[in-house]
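Hi everyone, thanks for making time today. Please have a look at the sequence and the model on the screen, and then I'll talk you through what I found.

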Amino acid sequence: VTVCLRVRYSDKDRTSHVVLTHDTNQEIYVVIPPAPVTYTLYLEGVGLSLINEREDRPEELLYLALQELGLKVQLSAHVAARLKIMRVQLDDQRSESVWPVVFAATRTHAGPWLEASFRRVPDASTHVLLVQQVQLRLAPSELVVEDSFLTSVLDFGDQIGPAVFGSTPPVPGDYNAS
């Protein structure tokens with residue numbers, strides 16, 4: 001009696017197959033599912049300042065603060081991801097600002113500002129992305145924008161546009177531009 005043992009890995013469904021072959025050429029397949037892997041990222045806070053360096057004095061235009069960010073990705077026979085942001089606030093940092101808080105969750109809301117998750121199921125038979133579940137929860141938020149703040153941010157965009165996009169600004173909707 002001869003028994004042959006082979007191990008094959010399938011990229012299609014990310015599983016390993018152990019193939020036992022008996023001397024009668026009958027194959028017995030034993031499927032070993034992939035080991036689940038979980039990646040977790042937690043940041044206490046992230047801040048981003050937009051600073052306009054005009055002539056001789058720099059001016060901070062806005063500050064975006066994100067607090068308690070969590071991202072969890074699970075890879076196994078399916079793919080699942082969850083994003084949670086507890087608090088967000090966008091501030092108008094200009095000295096002449098009347099309304100310094102531009103965007104934030106309402107003060108009465110105690111939970112996370114954003115919760116988003118999805119679960120994808122692999123389908124080896126087609127090239128279609130099958131999403132089993134998508135959830136998005138956004139806390140009630142307040143937005144107050146002064147016209148002078150909006151003008152300052154748009155002016156800043158006009159100044160950095162050539163540095164980012166080159167001398168020719170992109171045409172809206174033209175995604176093939178180099």
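Let me start with a question: by class, how many nonpolar, polar and charged residues does the lining of the second largest pocket have? There are three nonpolar, four polar and three charged residues. For that count, Ala, Val, Leu, Ile, Met, Phe, Trp, Tyr, Cys and Pro are nonpolar, Asp, Glu, Lys and Arg are charged, and the others, Gly among them, are polar.

Before I go on, some ground rules. This is a predicted model, where local features need pLDDT of at least 70 and side-chain atom pairs count only at pLDDT 80 or more, while totals for chains, interfaces and linings use all residues. Residues are numbered from 1 along each chain as its sequence is written, and side-chain values use heavy atoms, with hydrogens and water left out.

Now the overall picture. The protein has one helix and 10 strands, in the order β-β-β-β-β-β-β-β-β-β-α from the N terminus. Helices (H or I, at least four residues) and strands (E, at least two) are DSSP runs, numbered from the N terminus. The average pLDDT, the predictor's confidence in each residue from 0 to 100, is 80, and 71% of the residues score at least 70. Among the elements, strand 1 (residues 3-10) has the lowest mean, 55, and strand 6 (residues 79-92) the highest, 95. Of the 178 residues, 22% are buried; buried means under 20% relative accessible area, exposed over 50%, and partly exposed in between, with a 1.4 Å probe and protein chains only.

Back to the pockets. On a 1 Å grid over the protein atoms alone, a pocket is an open set of points where a 1.4 Å probe fits, with protein on both sides within 12 Å along at least five of seven lines, and lining residues have an atom within 4 Å of a point. The largest pocket holds about 440 Å³ of space. It is lined by 21 residues, and Val88, Gln89, Ala104, Ala105 and Arg107 are the closest to its centre. Strand 6 gives the largest share of that lining, five residues. By class, the lining has 12 nonpolar, five polar and four charged residues.

The second largest pocket comes to about 160 Å³. Its lining includes Lys72, Arg82, Phe118 and Gln135. Strand 5, strand 6, strand 8 (114-121) and strand 9 (130-138) each give two or more residues to that lining.

On to helix 1, residues 147-165. Its 19 residues should span 27 Å at 1.5 Å a residue (times one less than the number of residues), and the end C-alpha atoms are 26 Å apart, which agrees. There is a kink of about 35° at Gln159, shortly before Pro162; the bend is the angle between axes fitted to the seven residues ending there and the seven starting there. The buried residues of this helix are Phe149, Ser152, Phe156 and Gly161.

Finally, three single residues. Glu68, in strand 5, has a positive phi near 55°. Most residues other than glycine have a negative phi. Glu68 counts as partly exposed because its relative accessibility is 24%. His109 sits in the loop between strand 7 and strand 8, and its C-alpha is 7.0 Å from that of Ala139, 30 residues apart in sequence. Leu138, in strand 9, is exposed, with a relative accessible area of 54%.

That's my tour; I'm happy to take questions.

How values were computed: Grid points are joined across faces, edges and corners, and a volume is the space filled by probe spheres set on the points.
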